[in-house]
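Here's a walk through how some helices pack, where the pockets sit and which backbone spots deserve a second look. Have the coordinates open in a viewer as you read.

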Amino acid sequence: MNVWSLKDNYFCTGRAATAIYLILKAENMQGKKVLFPANICYAAIYPAIYAGCEPVFCDIDQVDGNVTYEGVCEYIGQVAAMVIPHMYGNPVQDIEKIQQLCNRNKVLFIEDCASAMGASVNSGRCGSFGDYSIFSTGYSKTIDIGNGGFLLTNRSIAKIQRYYEDLPVWNKEIEENESFFSKLYRLIRNNDKQTLDKYIWKGIQDNLKDMFLYQYPKIDEQIQRAVAQLDATIGLRRKKQELYENQIIETEFIRKYTFYDGAVPWRFCLLVSEEKKRMLIDKLLERKVPVSDWYPVVTPIFGAENPYGNAYRMEKKIINFPLLIDDKEIQRICNIINHLDL
């Protein structure tokens, strides 16, 4: 699959978050509102703030975790741009209608394919719908080389290139800060007894810019080599997903997340009963099972108080597991899940 053929121009960046910043700067979005779903990764939102934009959030579909056409319609007239991700590698089913909505209302449409490289939906491939499409080659993404991202567009990339040259070059200090921030995020999120989180997020926001916006030496060469193996990677991810699917036994507390035709699974996802989720995660961690519960609702970091009911419902029930691991490890994980006493 030739992902480069989706648009006329491409540009490689230090990370996908950097691409969002460059797009918003190049499109003169300073002082304007940008729409995000409430369950997107925080790394997509900070760049909008650093580009001088105001993030606005919408709710999602409670079944697949993606935005819907109806959900974004109410923000027309309020926002100048939208960042629409294909969550978990599962294509947004309304993506073509959202594209048409943005075109009619002159809203900049950024299609976020960070976890959905190579996926397809309805009449097209993910990455072909946005005015800009962004992809990630960072940790746990479809293709994981540790760092990097790129954007595709039919528009000129001259201003994007100029803005990119002004960014710092990745270094060990940035790496250490990224690692520390990740640990801090999990520490705060996993301790719901504390009430300092809003002060911490507000206090550090102005000092995180280099962590999300940077150049990475020769990243374009690494990305191009990795993307050349995309077809093989997609095939492997779907095979591993099927291995999980065939072995997990659904119960009254556990059911499988459904991927649509054309999806490229990000991780293997389960939906579990809210009252059993913490117990399930603790028991899995005790048995050294690499379980996570991404993606949570990210709005509290940015001071948004609206309830976003479906996003919170998804947060309370989703857990996921790595795909690109040995078959025997997948079998071990499934066996443990199937025999847990809940």
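Let's start with a handedness: α6 and α7 cross in a left-handed way. Bear in mind throughout that this is a predicted model. The axes of α6 and α7 lie 11 Å apart, and the angle between them is about 160 degrees. Anything over 145 degrees counts as roughly antiparallel, so α6 and α7 are roughly antiparallel to each other. On the α6 side, the residues that meet α7 are Phe181, Leu184, Tyr185 and Ile188, and their partners in α7 are Asp197, Ile200, Trp201 and Ile204. By class, that contact of α6 with α7 has seven nonpolar residues, one charged and no polar.

**Two more helix pairs**

Next up is α10, which spans residues 230–247, with α13, which spans residues 327–338; their axes come within 10 Å and cross at roughly 30 degrees. That angle makes α10 roughly parallel to α13. The crossing of α10 past α13 is right-handed. From α10, the contact takes in Lys240, Leu243, Tyr244 and Gln247, while α13 brings Asp327, Ile330, Gln331, Ile333, Cys334 and Asn338. Sorted by class, the residues of the contact of α10 with α13 come out as five nonpolar, three polar and two charged.

Then there's α1 with α5 (residues 158–165), whose axes come within 9 Å and cross at roughly 120 degrees. α1 and α5 are therefore oblique to each other. α1 passes α5 in a right-handed crossing. Thr18, Leu22, Ile23, Lys25 and Ala26 of α1 make the contact, together with Lys159, Ile160, Tyr163 and Tyr164 of α5. The class count for α1 with α5 is six nonpolar, one polar and two charged residues.

Here are the three pairs in one place.

| Helix pair | Axis distance | Angle |
|---|---|---|
| α6 and α7 | 11 Å apart | about 160 degrees |
| α10 and α13 | within 10 Å | roughly 30 degrees |
| α1 and α5 | within 9 Å | roughly 120 degrees |

**The pockets**

Now for the open space. The largest pocket has a volume of about 1,000 Å³. Its lining is made up of 42 residues, and those nearest the centre are Arg15, Cys41, Ala43, Tyr139 and Lys141. Which elements each supply at least two residues of this lining? They are α1 (16–26), β8 (132–136), α6 (172–189) and α8 (209–212). α6 gives the most to the lining of the largest pocket, with six residues. As for chemistry, the lining of the largest pocket has 21 nonpolar, 14 polar and seven charged residues.

The second largest pocket holds about 730 Å³ of space. It is lined by 21 residues, and Ile188, Arg189, Asn190, Asp192 and Glu315 are the ones nearest its centre. Ile188 also turned up earlier, among the α6 residues that meet α7. α6, α7 (197–204), α11 (274–286) and α12 (309–317) each supply at least two residues of the lining of the second largest pocket. Which helix gives the largest share of that lining? It's α11, with four residues. The classes in the lining of the second largest pocket are nine nonpolar, three polar and nine charged.

So what ties the pockets to the packing? α6 is one of the elements supplying at least two residues to the lining of the largest pocket, and α6 is also one of those supplying at least two to the second largest. α1, one of the contributors to the largest pocket, is the helix that crosses α5 at roughly 120 degrees.

**Two backbone spots to check**

Before you set anything up, here are two backbone details. The peptide bond from Trp294 to Tyr295 is cis, and its omega is near 5 degrees. Tyr295 sits in the loop between α11 and α12. Both α11 and α12 appear among the helices supplying the lining of the second largest pocket.

The other spot is Lys106, which has a positive phi of about 55 degrees although it isn't a glycine. Where is Lys106 found? Look in the loop between α4 (95–105) and β5 (108–112).

Terms used
Residues are numbered from 1 along each chain as its sequence is written. This is a predicted model: local features need pLDDT of at least 70, side-chain atom pairs count only at pLDDT 80 or more; totals for chains, interfaces and linings use all residues. Side-chain values use heavy atoms; hydrogens and water are left out. On a 1 Å grid over the protein atoms alone, a cavity is a set of points where a 1.4 Å probe fits but cannot get out, and a pocket is an open set with protein on both sides within 12 Å along at least five of seven lines; lining residues have an atom within 4 Å of a point. Grid points are joined across faces, edges and corners, and a volume is the space filled by probe spheres set on the points. Ala, Val, Leu, Ile, Met, Phe, Trp, Tyr, Cys and Pro count as nonpolar, Asp, Glu, Lys and Arg as charged, and the others, Gly among them, as polar. Axes are lines fitted to C-alpha atoms, for helices over the stretch in contact, and angles run from 0 to 180 degrees between N-to-C directions. Angles under 35 degrees count as roughly parallel, over 145 as roughly antiparallel, 65 to 115 as roughly perpendicular and the rest as oblique. A crossing is left-handed if the near helix is turned anticlockwise from the far one by less than a right angle, and right-handed if clockwise. Contact means heavy atoms within 4.5 Å.
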